[in-house]
Amino acid sequence: MIALPRLKIAHLPTSLEPMPRLSAALGGPRLLIKRDDQTGLAMGGNKTRKLEYLVAEAQAHGARMLITAGAVQSNHCRQTAAAAARYGFGCLLVLSGEPPRKLSGNLILDHLFGAEIVWTGSKDREQVLQDSFQQAWEDGKRPYLIPFGGSNPTGAVGYVQAMQELVEQFNTDPEWKGQTLPEWIVFASCSGGTQAGLVLGARLFQFPGKVVGISIEEPAEVLQERVANLVEQTAELLGEKAEFPPKEILVNDEYLGGGYGVISDSERDAIRLFGQTEGLLLDPVYTSRAAAGLIDLIRRGHFSRAETVVFWHTGGAPALFAEKYQEI
Ligand SMILES: *Cc1c(COP(=O)(O)O)cnc(C)c1O
């Protein structure tokens, strides 16, 4: 496997912890949690692992500015802004829609890290991102474009490494050594980089369990196709070969509810249950939806009680403090 340039940004390995009280409350399988909400960069989250490779690539290209895009409460944009500050890049964030009347949650932090923000208004986000990149290039700012969610092959390598890290924990960490590897990994999947990395990592590092993405925004077919393409391209970048037909990518789209960022009782209940049984924080957009899916699957008897399920926490708690989600 080709080793790509990488910066040491994240606090790794993230810890793997049991959730016995949640397990008991649900009468379900053994539950573990992989704490990628604690990756250490600006309140953590899954984008930090991707940024270790993306920012290294930006440096290698001689870039001086990072440009990326996301939703108003984007965790990806918050972590990118922090990484830009830490490595001395300028940062431009293209955020969807109009500026809210009050700064809150992740958006406060974007400003705090000194990012410049461009609002798309009613325009297409991808178009505004391309235009902003072009403009910055013409202005001599040496921009480096990070796609939505940091999900290109370079970013996905962060999660190939993350799967290696999990397998390694079961090989060497005294707490987990000698135990059989988990049968399932469940997590929030959206732009697909996390899932592509984990799926490819499972193949490359012989992880035998199932890697199930709970879709946050798109129908399963769309996300399966995106992840399958990304797996293939990421393998190629690493000098490996791996092909997965989209239908072999495990995506569950039963929990899309009212759409991206629309909170319902199931997300609210998941936030409360994780909080009140384990003292853990879930976020309103991603991990609460994935956890709601996990809880529902457990209640429907999808897992046997003898199995072990890892809930891979992808972060996002700063959005709990967004004005938009105060009704939680
Ligand atoms: C971005 C994000 C995800 C989704 O990860 P992808 O790699 O985009 O699929 C999940 N959870 C949180 C908290 C995120 O910020």
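A residue counts as buried when its relative accessible area is under 20%, as exposed when that value is over 50%, and as partly exposed in between. Strand S4 (90-95) shows the term in use. S4 is mostly covered, with five of its six residues buried. The model shown here is predicted.

S4 belongs to an open sheet of four strands. Their order is S5-S4-S3-S6, and the pairing is parallel. Strand S5 (116-119) and S6 stand at the edges, each with a single partner strand, so each has one side without a neighbour in the sheet. Neighbouring strands here are turned against each other by 25 degrees on average, direction ignored. Strands of a sheet pair through backbone hydrogen bonds, either parallel or antiparallel.

Look next at the pairs around S3. S3 and S4 run parallel and are joined by six bridges. Within this pair, Thr68 has Leu93 of S4 as its bridge partner. S3 also runs parallel to S6, and three bridges join these two. Here Ile67 has Leu145 of S6 as its bridge partner. A helix packs on this sheet: H5 touches S3, S4, S5 and S6. The direction of H5 makes about 170 degrees with that of S3.

Now turn to the second sheet. Six strands form this open sheet, in the order S1-S2-S10-S7-S8-S9, and the pairing is mixed. S1 and strand S9 (250-252) stand at the edges. Each of these two has a single partner strand, so one side of each is left without a neighbour in the sheet. The twist averages 30 degrees from one strand to the next. Within this sheet, S7 pairs with strand S10 (residues 308-313) in the parallel sense, over three bridges. Val186 has Phe311 of S10 as its bridge partner.

The structure also holds enclosed space. How many cavities of 30 Å³ or more does a search of the whole structure find? The search finds one. The volume of the largest cavity is about 290 Å³. Its lining has 30 residues, and those closest to its centre are Asn46, Lys47, Cys190, Ser191 and Tyr286. Several elements give two or more residues to the lining of this cavity: helix H2 (47-60), strand S3 (65-70), helix H3 (75-86), strand S7 (184-189) and helix H7 (193-204). S3 is a strand of the four-stranded sheet, and S7 is a strand of the six-stranded one. By class, the cavity lining divides into eight nonpolar, 19 polar and three charged residues.

There is open space too. The largest pocket holds about 210 Å³. Among the 14 residues of its lining, Val72, Gln73, Ala322, Lys324 and Tyr325 are the closest to the pocket's centre. This lining has nine nonpolar, two polar and three charged residues.

Helix H2, part of the cavity lining, is also the place of Gln59. Is Gln59 buried, exposed or partly exposed? Gln59 has a relative accessible area of 37%, so the residue counts as partly exposed. Which residues does Gln59 touch, leaving out those up to four places away in sequence? They are Leu7, Tyr87 and Phe89. Leu7 is 52 residues from Gln59 in sequence, but the two are 9.8 Å apart in space, C-alpha to C-alpha.

The backbone has some details to look for. Most residues other than glycine have a negative phi, and most peptide bonds are trans. Arg142 has a positive phi of about 50 degrees although it is not a glycine. Arg142 lies in the loop between helix H5 (125-138) and strand S6 (143-145). That loop follows the helix that packs on the four-stranded sheet. Arg142 counts as partly exposed because its relative accessibility is 34%.

Gln206 is also a residue other than glycine with a positive phi, near 55 degrees. Its place is in the loop between H7 and strand S8 (210-215). Is Gln206 buried or exposed? At a relative accessible area of 63%, Gln206 is exposed.

One more backbone detail comes early in the chain. The peptide bond from Leu12 to Pro13 is cis, with omega near -5 degrees. Pro13 is found in the segment before strand S1 (16-18). S1 is an edge strand of the six-stranded sheet.

Methods: Residues numbered from 1 in each chain as written. Predicted model: local features only at pLDDT ≥ 70, side-chain atom pairs only at ≥ 80, totals over all residues. Heavy atoms only, no water. 1 Å grid on protein atoms, 1.4 Å probe; cavity = no way out; pocket = protein on both sides within 12 Å on 5 of 7 lines; lining within 4 Å. Points joined across faces, edges and corners; volume = space filled by probe spheres on them. Nonpolar A, V, L, I, M, F, W, Y, C, P; charged D, E, K, R; others polar. Buried < 20%, exposed > 50% of the residue type's maximum accessible area, 1.4 Å probe, protein only. Pairing = 2+ DSSP bridges. Axes fitted to C-alpha atoms, helices over the stretch in contact; angles between N-to-C directions. Contact = heavy atoms within 4.5 Å.
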